[in-house]
Amino acid sequence: MKILVASDLHGDIVYTKLLLTKMREENFDKLYLLGDLKRDSIEILNPLHEKIVAVCGNCDGEEEDEIARFQMPLINYDYMFHRVIVLSHGHRYSPYSYDLPYDIFLTGHTHISGIYQDSKGCIRANPGSISEPRDGYHSVMVITEEKLEVIDINTNAVLHSLKLER
């Protein structure tokens, strides 16, 4: 099982198509979308609606909600690899303002990628922005049972990596 995670597409057709290509060519099972998608990106991604787990970003509104064939709540959840995964854009809910237990907390919003693990083993991670990065990398995240990796979608270079303990 492989999960592809992206955030802050902001309607960029070129990078949304690149994301779609990566999804299909590398046979990902799920696509987590962490908000700020915008209409053009949603229209391209709608055919994958059965594989998408998404959240609404601060730049998404009623128009995006009406055309999306997948739900876009402010916070969403999944249970994969024996772990509770929380999805949020980050403008309303963050690991610092969320008081329920989780194993992995995914956010976007900052356009800066990173993976961090606290002393209790809880992970907070941000794939960065695929279309408008503030750290210089057009990045996405890959989650498998073994690890989390943030990669540059243009070069496939690994930017951040964290091995998951069993």
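**Exercise 1. The hairpin and its strands**

How many residues does the hairpin that joins β9 to β10 pass through? Then describe how β9 pairs on each side.

*Solution.* The model is predicted.
Step 1. Find the link between the strands. The hairpin between β9 and β10 passes through three residues.
Step 2. Look at the pairing of β9 with β10. The two strands run antiparallel and are joined by five bridges. Pick out one pair: Ser139 has Asp152 in β10 as its bridge partner.
Step 3. Turn to β1. Three bridges join β1 to β9, and these strands also run antiparallel. Here Val5 stands opposite Met141 in β9.

**Exercise 2. The whole sheet**

In which order do the six strands of the open sheet lie, and which are the edge strands?

*Solution.*
Step 1. Recall the principle. Strands of a sheet pair through backbone hydrogen bonds, in a parallel or an antiparallel way.
Step 2. Read off the order. The six strands lie as β3-β2-β1-β9-β10-β11, with mixed pairing, and the sheet is open.
Step 3. Find the edges. β3 (52-54) and β11 (158-163) each pair on one side only, so they are the edge strands.
Step 4. Add the twist. From one strand to the next, the twist averages 20 degrees.
Step 5. Check the β11 edge. β10 (residues 147-152) pairs with β11 in the antiparallel sense, over five bridges. Leu148 stands opposite Leu162 in β11.

**Exercise 3. Side chains of β9**

Which residues point one way from β9, and which the other way?

*Solution.*
Step 1. Start from the rule. In a regular strand, side chains alternate between the two faces of the sheet.
Step 2. Apply it. Ser139, Met141 and Ile143 point one way, while Val140 and Val142 point the other way.
Step 3. Ask about cover. Five of the five residues of β9 are buried.

**Exercise 4. Helix α1**

What span should the 13 residues of helix α1 have at 1.5 Å a residue? Next, sort its residues into buried and exposed.

*Solution.*
Step 1. Work out the span. The expected span counts one less than the number of residues, so helix α1 (residues 13-25) should cover 18 Å.
Step 2. Compare. The end C-alpha atoms are 18 Å apart, which agrees.
Step 3. List the buried residues. They are Tyr15, Thr16, Leu19, Leu20, Lys22 and Met23. These residues cover an arc of only 160 degrees around the axis, so they sit on the same side of α1.
Step 4. Find their partners. The buried residues of α1 pack against β1, β2, α2, β9 and β10.
Step 5. Look at the face turned away. It carries the exposed residues Val14, Arg24 and Glu25.
Step 6. Inspect both ends. Asp12 caps the N-terminal end, with a side-chain oxygen 3.1 Å from the backbone nitrogen of Val14. Asn27 follows α1 and has a positive phi, near 55 degrees.

**Exercise 5. Two acidic residues**

Is Asp78 buried or exposed? Is Glu43 buried, partly exposed or exposed?

*Solution.*
Step 1. Place Asp78. It lies in strand β4 (residues 75-80).
Step 2. Apply the cut-off. Buried means under 20% relative accessible area. Asp78 has 14% relative accessibility, so it counts as buried.
Step 3. Find its polar partner. A polar contact of 2.6 Å joins the side chains of Asp78 and Lys30. Other residues in contact with Asp78 include Tyr32, Val53 and Arg83.
Step 4. Move to Glu43 in helix α2. Its relative accessible area is 40%, so Glu43 is partly exposed.

Conventions. Residues are numbered from 1 along each chain as its sequence is written. This is a predicted model: local features need pLDDT of at least 70, side-chain atom pairs count only at pLDDT 80 or more; totals for chains, interfaces and linings use all residues. Side-chain values use heavy atoms; hydrogens and water are left out. Two strands pair if DSSP finds at least two bridges between them. Helices (H or I, at least four residues) and strands (E, at least two) are DSSP runs, numbered from the N terminus. Axes are lines fitted to C-alpha atoms, for helices over the stretch in contact, and angles run from 0 to 180 degrees between N-to-C directions. Buried means under 20% relative accessible area, exposed over 50%, partly exposed in between (1.4 Å probe, protein chains only). The arc is that of the directions from the helix axis to the C-beta atoms. Contact means heavy atoms within 4.5 Å. A polar contact is a pair of N or O atoms within 3.5 Å; within protein, one must be able to donate a hydrogen and the other to accept it, and residues adjacent in sequence count only if both atoms are side-chain atoms. Lists of a residue's contacts leave out its neighbours within four places in sequence.
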